[in-house]
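Morning, everyone. I have one structure to walk you through today. Please look at it first, and then we'll start.

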Amino acid sequence: MDKSHEQKRATAYLYPATEPFDRRMLEVGDGHSLYVEQCGNPEGVPVVVLHGGPGGGSSPMMRRFFDPEYYRVILFDQRGCGRSKPHASVEANTTQHLINDIELIRETLGIERWLCFGGSWGATLALAYTQAYPERVAYLVLRGVFMGTQSELEWFYGGGAGRFYPEFWARFVDPIPEAERSDLIGAYHRRLFSDVFAEEARFAKLWSNWENALATVETRGQFDTPVDYARAFARLENHYFINNCFFEEDGQLMANLWRMKDVQGVIVQGQYDMICPPVTAWNLHRKWASNTLRMVPMAGHALSEPGITAELVRVMDGLRDRARRS
């Protein structure tokens with residue numbers, strides 16, 4: 001995350017590190033139990049944080065975007081990843097399962113309405129949850145928008161992004177025989193679910209490294225992603241992508257924006273996001289009437305990009321200040 005010396009590091013914009021006041025494992029059915037934590041003010045304005053991936057898991061850094069005296073922050077690891085169990089499992093793991101899990105967390109914690117804060121796949125899930133339960137969402141904060149469409153997957157796994165980073169693209173593609181390269185998601189699927197751990201681990205790191213390489217404006221050529229994390233991340237992401245994110249139709253989230261017409265929100269988008277190109281955020285902004293788009297110059301995809309971090313903290317502080325004034 002090092003930037004040029006003229007730029008602040010992302011952590012300079014964040015609130016100080018804090019510890020949760022509540023940690024628990026929540027049984028959600030189908031053999032899954034989710035890690036859930038709460039931090040900040042137990043009586044504060046509730047905000048649920050939806051991590052990316054699918055399969056990325058939450059992290060302590062995600063607690064620090066929110067004023068701990070004002071917000072009650074709920075983080076959890078989605079099915080199969082992070083501290084949730086069983087690890088790297090794709091059984092009973094679909095978008096609808098995750099939507100149901102979010103609603104169960106809300107009910108379990110006794111929250112009437114909350115803010116949803118999500119980036120990348122977390123933005124996808126935030127939109128899907130809001131369209132299912134619009135009356136439960138007070139406000140949406142989205143970052144690095146991904147709508148789960150075939151055109152977005154084709155961009156990232158079909159060679160579009162690879163034209164800008166041919167060296168990294170070659171590392172991702174070359175281990176796959178030429179005969180299988182017309183469908184790289186399918187080719188990786190066969191290897192990530194081969195039931196041979198060494199093969200799954202090898203291709204999980206290749207899958208994860210391709211995404212990591214393009215996450216920030218200043219790319220990094222070498223990564224040492226832990227095997228357990230990479231395997232969960234790659235298997236879950238691939239599982240969702242090969243199943244069209246479990247949507248009934250391509251473009252479902254855009255088609256169903258009418259379901260959330262009364263929900264307001266803000267979109268924070270990196271101008272140079274190579275994983276989720278800005279055109280997606282722009283199209284969402286144009287068709288969702290109740291939102292503001294904040295394009296961040298010289299920023300890529302990652303939550304930890306300094307410009308993205310600063311803008312998200314600014315958004316959350318602005319919501320706090322507006323509520324206090326009113």
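Let's start with two helices. Helix α6 covers residues 197-213, and it packs against α7 at an angle of about 75°. Their axes are 8 Å apart. Angles of 65 to 115 degrees count as roughly perpendicular, so α6 is roughly perpendicular to α7. Keep in mind that this is a predicted model.

Which residues of α6 meet α7? From α6 we have Phe197, Glu200, Ala201, Ala204, Lys205, Trp207, Ser208 and Glu211. On the α7 side they meet Val227, Ala230, Arg231, Phe233, Ala234, Arg235, Glu237, Asn238 and Phe241. Sort the residues of this contact by class and you get 9 nonpolar, 2 polar and 6 charged.

Now a second helix pair. Helix α1 runs over residues 95-108, and helix α2 over residues 121-132. They pack at an angle of about 70°, and their axes are 10 Å apart. Therefore α1 and α2 are also roughly perpendicular to each other. In α1, the residues in contact are Thr95, Leu98, Ile99, Ile102, Glu103 and Arg106. In α2, they are Trp121, Leu125, Ala128, Tyr129 and Ala132. By class, this contact of α1 with α2 has 8 nonpolar, 1 polar and 2 charged residues.

On to the sheet. How many strands form it, and in which order? There are 8 strands, and the sheet is open. Read across, the order is β1-β2-β4-β3-β5-β6-β7-β8, with mixed pairing. At the edges sit β1, residues 22-29, and β8, residues 291-296. Each of these edge strands pairs on one side only. On average, neighbouring strands are turned by 20° against each other, ignoring direction.

Let's zoom in on one pair of strands. Strand β5 covers residues 114-119, and strand β6 covers residues 137-143. They pair in the parallel sense, over 6 bridges. If you want a spot to find on screen, Trp114 stands opposite Val137 in β6.

Helices pack on this sheet too. Take α2 again: it touches β3, residues 45-50, as well as β5 and β6. The direction of α2 makes about 155° with that of β6. Then there is helix α10, residues 306-325. Helix α10 touches β4 (71-76), β5, β6, β7 (265-270) and β8. Its direction makes about 165° with that of β6.

Last topic: cavities. How many cavities of 30 Å³ or more does the count give? The count comes to 2. The largest holds about 110 Å³ of space. It is lined by 13 residues. Nearest its centre are Phe146, Phe156, Phe241, Ile275 and Cys276. You have met Phe241 already, in the contact of α7 with α6.

Where does the lining of the largest cavity come from? Helices α3 (150-157) and α7 (227-242) each supply at least two residues. The largest share, 4 residues, comes from α3. By class, this lining has 8 nonpolar, 2 polar and 3 charged residues.

The second largest cavity holds about 40 Å³ of space. Tyr15, Pro16, Thr18, Gly40, Arg63, Arg64, Phe66, Pro68 and Val73 line it. That lining divides into 5 nonpolar, 2 polar and 2 charged residues.

That's my tour. Over to you.

Technical notes: Residues numbered from 1 in each chain as written. Predicted model: local features only at pLDDT ≥ 70, side-chain atom pairs only at ≥ 80, totals over all residues. Heavy atoms only, no water. Axes fitted to C-alpha atoms, helices over the stretch in contact; angles between N-to-C directions. Parallel < 35°, antiparallel > 145°, perpendicular 65-115°, else oblique. Contact = heavy atoms within 4.5 Å. Nonpolar A, V, L, I, M, F, W, Y, C, P; charged D, E, K, R; others polar. 1 Å grid on protein atoms, 1.4 Å probe; cavity = no way out; pocket = protein on both sides within 12 Å on 5 of 7 lines; lining within 4 Å. Points joined across faces, edges and corners; volume = space filled by probe spheres on them. Pairing = 2+ DSSP bridges.
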